[in-house]
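Here is a short tour of one protein model, starting from a single residue and widening to the whole fold. Have the viewer open and follow along.

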Amino acid sequence: MDLGLQGKRAFVSASSAGLGKACALSLAREGAEVWLNGRDEERLRRAADEIHEAVGRRPHIVPGDIDAAEGRAAALAACPVPDILICNSGGPKPGRMEQWDEAAWTEAVSAKMVSPILLIQSLIGDMRARGSGRIVVITSAMVKSPQLPMALSAGPRAGLTAFCKALAREVAGDGVTVNCLLPEKIDTDRLERMTRSLARLKGIDESAARAEMARSLPAGRFGRPEEVGDACAFLCSSRAGYITGQNLQLDGGAYAGLV
């Protein structure tokens, strides 16, 4: 299936590793011109090398912290008129309610809700004027199935999801789609850290902790980063122009609700 992404310009935030890099790779495989972003320039260069080796074209790199105004300005300067915007960010560590003071909440809301909204606001006008655009925001399954240890992530991201839903209705008539991906237990470095934490908490080895986590999923396995990346590429494609305002869960069937 031709996704119609050849030559499209795609900016992917937080894409030096994990799900951001997976999305960038899938877009690059489909012929998109990709801009990688992250705070660690060396990791960005390694990610660019990996994508170059895989697809034969080297993505651009934009070092910078997208949570800061300077980082967003650098992104806009490097890729001022993207056809595709992928908003990604790492998740806060699980914790306990008594650990979260006002500063922790302020930081989480700024990074997980306000920063991506500001980036979207900076680009949505041009997309509407051109009559086309794709925005995909990577949030979390915790948006629909919140758990208190993950509240620092779920709370701000639920607010971001609400913004995306409202925006999608506003811009659909201009040919711009806005969708969210809600991943759960995808086999990335973050999952490895969570596995180590579970192993320490239960006094078991990491392989046993990993198996226990996988058994909690109806699919009986963790998701693969490329599955998230390919879902992202489809939502960005010309084939998905009638899909907007949606929250696509990639969770191996874990969500028990009907809608």
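Leaving aside residues up to four places away in sequence, serine 26 touches Glu226, Gly229, Asp230 and Ala233. This comes from a predicted model, so keep that in mind as you browse. Serine 26 sits in helix H1. Is serine 26 buried or exposed? Its relative accessibility is 5%, so serine 26 counts as buried, the cut-off being under 20%. One of its neighbours also offers a polar partner: a polar atom of the serine 26 side chain lies 3.4 Å from the backbone oxygen of glycine 229.

Now turn to helix H8, which spans residues 225-235. Its buried residues are Val228, Gly229, Ala231, Cys232, Ala233 and Leu235. What do they pack against? The partners are helix H1 along with strands S4, S5, S6 and S7.

Those strands belong to an open sheet of seven, arranged in the order S3-S2-S1-S4-S5-S6-S7 with parallel pairing. Strands S3 and S7 stand at the edges with a single partner strand each, so one side of each has no neighbour in the sheet. From one strand to the next, the twist averages 20°. Helix H2 packs on this sheet, where H2 touches S2 and S3, and the direction of H2 makes about 165° with that of S3.

At the S7 edge, S6 and S7 run parallel and are joined by four bridges. In one of these strands, S7, asparagine 247 is the bridge partner of cysteine 180.

To help you select the elements mentioned so far, here are some of their residue ranges.

| Element | Residues |
|---|---|
| Helix H1 | 18-29 |
| Strand S2 | 33-38 |
| Helix H2 | 41-55 |
| Strand S3 | 60-63 |
| Strand S4 | 84-87 |
| Strand S5 | 133-138 |
| Strand S6 | 176-183 |
| Helix H8 | 225-235 |
| Strand S7 | 247-250 |

Finally, zoom out to the whole chain. The secondary structure comprises eight helices and seven strands. How does the radius of gyration fit a compact globule? For 259 residues such a globule would have a value near 18 Å, and the protein has 18 Å, which agrees. Along the principal axes, the C-alpha atoms fill a box of roughly 55 × 40 × 40 Å. Of the 259 residues, 46% count as buried. About 12600 Å² is exposed, with carbon and sulfur atoms supplying 52% of that area. Among contacts between residues at least 6 apart in sequence, 74% join residues at least 24 apart.

Notes: Residues are numbered from 1 along each chain as its sequence is written. This is a predicted model: local features need pLDDT of at least 70, side-chain atom pairs count only at pLDDT 80 or more; totals for chains, interfaces and linings use all residues. Side-chain values use heavy atoms; hydrogens and water are left out. Two strands pair if DSSP finds at least two bridges between them. Helices (H or I, at least four residues) and strands (E, at least two) are DSSP runs, numbered from the N terminus. Axes are lines fitted to C-alpha atoms, for helices over the stretch in contact, and angles run from 0 to 180 degrees between N-to-C directions. Contact means heavy atoms within 4.5 Å. The radius of gyration is taken over C-alpha atoms; the globule rule is 2.2 Å times the number of residues to the power 0.38. Buried means under 20% relative accessible area, exposed over 50%, partly exposed in between (1.4 Å probe, protein chains only). Accessible areas come from the Shrake-Rupley method with a 1.4 Å probe; for residues, only the protein chains shown count as cover. A polar contact is a pair of N or O atoms within 3.5 Å; within protein, one must be able to donate a hydrogen and the other to accept it, and residues adjacent in sequence count only if both atoms are side-chain atoms.
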